[in-house]
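Opening the notebook on a new model today. I want to look at its surface first, then at its pockets.

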Amino acid sequence: MARVFGLTFTIKLMEKGENRAQSGYSEIKEKFPEISRILADEERHELELADMINEEKLGYMGSVVLGLNDALVELTGALAGFSFALQNTALIGAIGLITGIATALSMAASECLS
């Protein structure tokens, strides 16, 4: 699964299974007080493991989503405004192409600087 979906996704999926086990431990911790210490250790270990993982793809994913969102809003707004103002399909198509290229260059420059 880690090869297909990535290491972070796989670990989060495994943590979901451990959460079910922890809820089972929580039910019997009144009878066995030392389970509280084990539960605290498990939680700390999960956080430490997640902090140790530094997937390069995951770091880029936020930038990709932000860039697509920004470009989509910018391009859609510009095309809607030009469509209402100009009402000439050939000119709107050319402006859309120019705006799309300018948006791509702007996103690339901002990501490079960040």
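My entries follow, from the N-terminal end to the pocket.

**Entry 1, the model.** I am working with a predicted model here.

**Entry 2, surface patch.** I looked for nonpolar side chains on the outside. Met1, Val4, Phe5, Phe9 and Leu13 make up a nonpolar surface patch. Their accessible area together comes to about 540 Å². Which helices supply it with at least two residues each? I get α1 (2-5) and α2 (7-28).

**Entry 3, Phe5.** I picked one member of that patch to check. Phe5 is found in α1. Is Phe5 buried or exposed? Its relative accessibility is 53%, so Phe5 counts as exposed, the cut-off being over 50%.

**Entry 4, Thr10.** Next I went to α2, where Thr10 has its place. Thr10 counts as buried because its relative accessibility is 12%, and buried means under 20%. What does Thr10 touch, leaving aside neighbours within four places in sequence? I find Met1 and Ala2 in contact with Thr10. Met1 also turns up in the patch of Entry 2.

**Entry 5, largest pocket.** I then turned to the pockets. The largest pocket has a volume of about 150 Å³. I listed its lining as Ser63, Val64, Leu66, Gly67, Met107, Ser110 and Glu111. Two elements, α4 (56-86) and α5 (89-113), give two or more residues to that lining. Which element gives the most to the lining? That is α4, with 4 residues.

Definitions and conventions:
Residues are numbered from 1 along each chain as its sequence is written. This is a predicted model: local features need pLDDT of at least 70, side-chain atom pairs count only at pLDDT 80 or more; totals for chains, interfaces and linings use all residues. Side-chain values use heavy atoms; hydrogens and water are left out. Patches are made of residues with over 30% relative accessible area and no salt bridge: like charges are joined within 9 Å, nonpolar side chains (Val, Leu, Ile, Met, Phe, Trp, Tyr) within 5 Å. Accessible areas come from the Shrake-Rupley method with a 1.4 Å probe; for residues, only the protein chains shown count as cover. A salt bridge is a side-chain nitrogen of Lys or Arg within 4 Å of a carboxyl oxygen of Asp or Glu. Buried means under 20% relative accessible area, exposed over 50%, partly exposed in between (1.4 Å probe, protein chains only). Contact means heavy atoms within 4.5 Å. On a 1 Å grid over the protein atoms alone, a cavity is a set of points where a 1.4 Å probe fits but cannot get out, and a pocket is an open set with protein on both sides within 12 Å along at least five of seven lines; lining residues have an atom within 4 Å of a point. Grid points are joined across faces, edges and corners, and a volume is the space filled by probe spheres set on the points.
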